[in-house]
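Me: I should like to go through this model with the reasoning behind each label made explicit. Please set each value beside its definition.

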Amino acid sequence: MAYETLIVETRGNVGLVTLNRPQALNALNSTVLKELKEAYAAFHADETVGAIVLTGSERAFAAGADIKEMQPLEFADIYKSDFISGWDEVAKARKPVIAAVSGFALGGGCELAMMCDFVIASETAKFGQPEITLGVIPGMGGSQRLTRAVGKAKAMDLILTGRMMDAAEAERSGLVSRVVAPERLIDEALAAAEKIASLSRPSVMMAKEAVNRAFETTLEEGLRFERRLFHSLFATDDQKEGMAAFVEKRKPAFTHR
Ligand code: HXC
């Protein structure tokens with residue numbers, strides 16, 4: 001399929017999506033949202049794809065929602081259409097998604113990175129929620145996901161001042177799982193995604209569900225949820241294969257069943 005704002009490729013068992021609006025630093029407009037949903041749906045339907053990498057350019061992962069598209073909007077219209085709610089579908093991707101961030105990840109760009117399961121950043125990455133400088137606030141989850149990721153103090157600092165933080169501060173704060181040299185970024189993210197794709201699909205997807213549950217529920221309910229998923233994996237061929245391979249000192253051959 002031809003995309004206007006994305007480059008969509010398959011590398012081995014990994015789906016690679018590159019945001020491609022260089023003239024606007026990958027600002028997220030309605031076409032990006034529509035196409036990202038299509039690309040994710042295609043990767044979900046593709047049995048050979050076990051994980052997705054989402055990236056931008058060296059200069060910008062994404063510099064936010066498209067300000068020029070938003071500028072003329074009126075309250076009644078965006079309220080009635082529930083503007084932005086379509087991004088929830090992107091956040092609910094069931095296969096793991098790794099954000100590979102270089103350059104600016106601002107506003108909706110930072111929020112899109114946080115919709116991914118984890119973030120690998122280049123040393124050049126800059127994260128921020130500058131919406132306050134435009135007379136608005138984060139709208140794609142920034143006030144919620146950033147606060148859960150880095151805690152109240154850092155989230156308030158970033159959201160109330162609109163300042164940017166660099167990759168080192170983002171890693172110290174827990175927003176980013178790894179920081180690598182810019183030229184290593186895509187290879188590092190693809191290697192992590194390929195590793196995930198090589199593992200048992202049901203266990204990978206359940207692991208993702210279980211971790212995400214930690215943000216939604218009490219510890220007791222979360223532990224029960226985890227345990228039930230753990231129990232259920234003993235109904236899979238891959239649990240039999242994974243444990244047999246360990247005992248027999250060989251590599252497992254997962255069938256994702
Ligand atoms: C539309 C954008 C854009 C954006 C950059 N551009 N960010 N267009 N929406 N969010 C465009 C610029 O207008 C310009 O095009 C081109 O990209 C290059 O940007 P420059 O500003 O010339 O580059 P530079 O001087 O290097 O500055 C980079 C920057 C700055 C610091 C990232 O572009 C910037 O501050 N961008 C806005 C960041 C921001 O406020 N994001 C939050 C958006 S609100 P032209 O054609 O004009 O030269 C948001 C809300 C999310 O995300 C939730 C609700 C949906």
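Me: Which element gives the most to the shell around the ligand?

Reply: Helix H2 does, with 3 residues. Helices here are DSSP runs of H or I with at least four residues, strands are runs of E with at least two, and both are numbered from the N terminus. The model is predicted, so local features need pLDDT of at least 70 and side-chain atom pairs count only at pLDDT 80 or more, while totals for chains, interfaces and linings use all residues. Residues are numbered from 1 along each chain as its sequence is written, and side-chain values use heavy atoms, with hydrogens and water left out.

Me: How many residues surround the ligand, and which are the closest?

Reply: The ligand is surrounded by 23 residues, and the closest are Arg 59, Ala 63, Ala 65, Lys 68 and Gly 108. A residue is near a molecule if one of its heavy atoms lies within 4 Å of it. The shell divides into 13 nonpolar, 5 polar and 5 charged residues; Ala, Val, Leu, Ile, Met, Phe, Trp, Tyr, Cys and Pro count as nonpolar, Asp, Glu, Lys and Arg as charged, and the others, Gly among them, as polar.

Me: What makes the approach of Gly 108 to the ligand a polar contact?

Reply: A polar contact is a pair of N or O atoms within 3.5 Å. A polar backbone atom of Gly 108 is 2.8 Å from an oxygen atom of the ligand, so the pair meets that limit. A backbone N or O atom of Ala 63 likewise lies 2.9 Å from a ligand nitrogen atom.

Me: How much of the ligand does the protein bury?

Reply: Taken alone, the ligand exposes 1,000 Å², and the protein buries 66% of that. Accessible areas come from the Shrake-Rupley method with a 1.4 Å probe.

Me: Why is strand S2 called largely enclosed?

Reply: Buried means under 20% relative accessible area, exposed means over 50%, and partly exposed lies in between (1.4 Å probe, protein chains only). In S2 (residues 14-19), 6 of the 6 residues are buried, so the strand is largely enclosed by the rest of the structure. Both faces are covered, with Val 14, Leu 16 and Thr 18 on one side and Gly 15, Val 17 and Leu 19 on the other.

Me: How do you know that S2 pairs with S1 and with S3?

Reply: Two strands pair if DSSP finds at least two bridges between them. S1 (residues 6-11) and S2 run antiparallel and are joined by 6 bridges, whereas S2 and S3 (residues 51-55) run parallel with 5 bridges; both pairs therefore satisfy the criterion. Arg 11 has Val 14 in S2 as its bridge partner, and Gly 15 stands opposite Ile 52 in S3.

Me: What makes the unit of S2, helix H1 and S3 right-handed?

Reply: A crossover is right-handed if, with the strands pointing away from the viewer, the path from the first strand over the helix to the second runs clockwise. S2, H1 (residues 30-45) and S3 make a β-α-β unit of that hand.

Me: Is Asn 26 buried or exposed, and what is notable about its phi?

Reply: Asn 26 is buried, because its relative accessible area is 3%. Its phi is positive, about 60 degrees, although Asn 26 is not a glycine. Most residues other than glycine have a negative phi. Asn 26 lies in the loop between S2 and H1, where Leu 25 is also found. Leu 25 has a positive phi near 50 degrees and is partly exposed, with a relative accessible area of 23%.

Conventions: A polar contact is a pair of N or O atoms within 3.5 Å; within protein, one must be able to donate a hydrogen and the other to accept it, and residues adjacent in sequence count only if both atoms are side-chain atoms.
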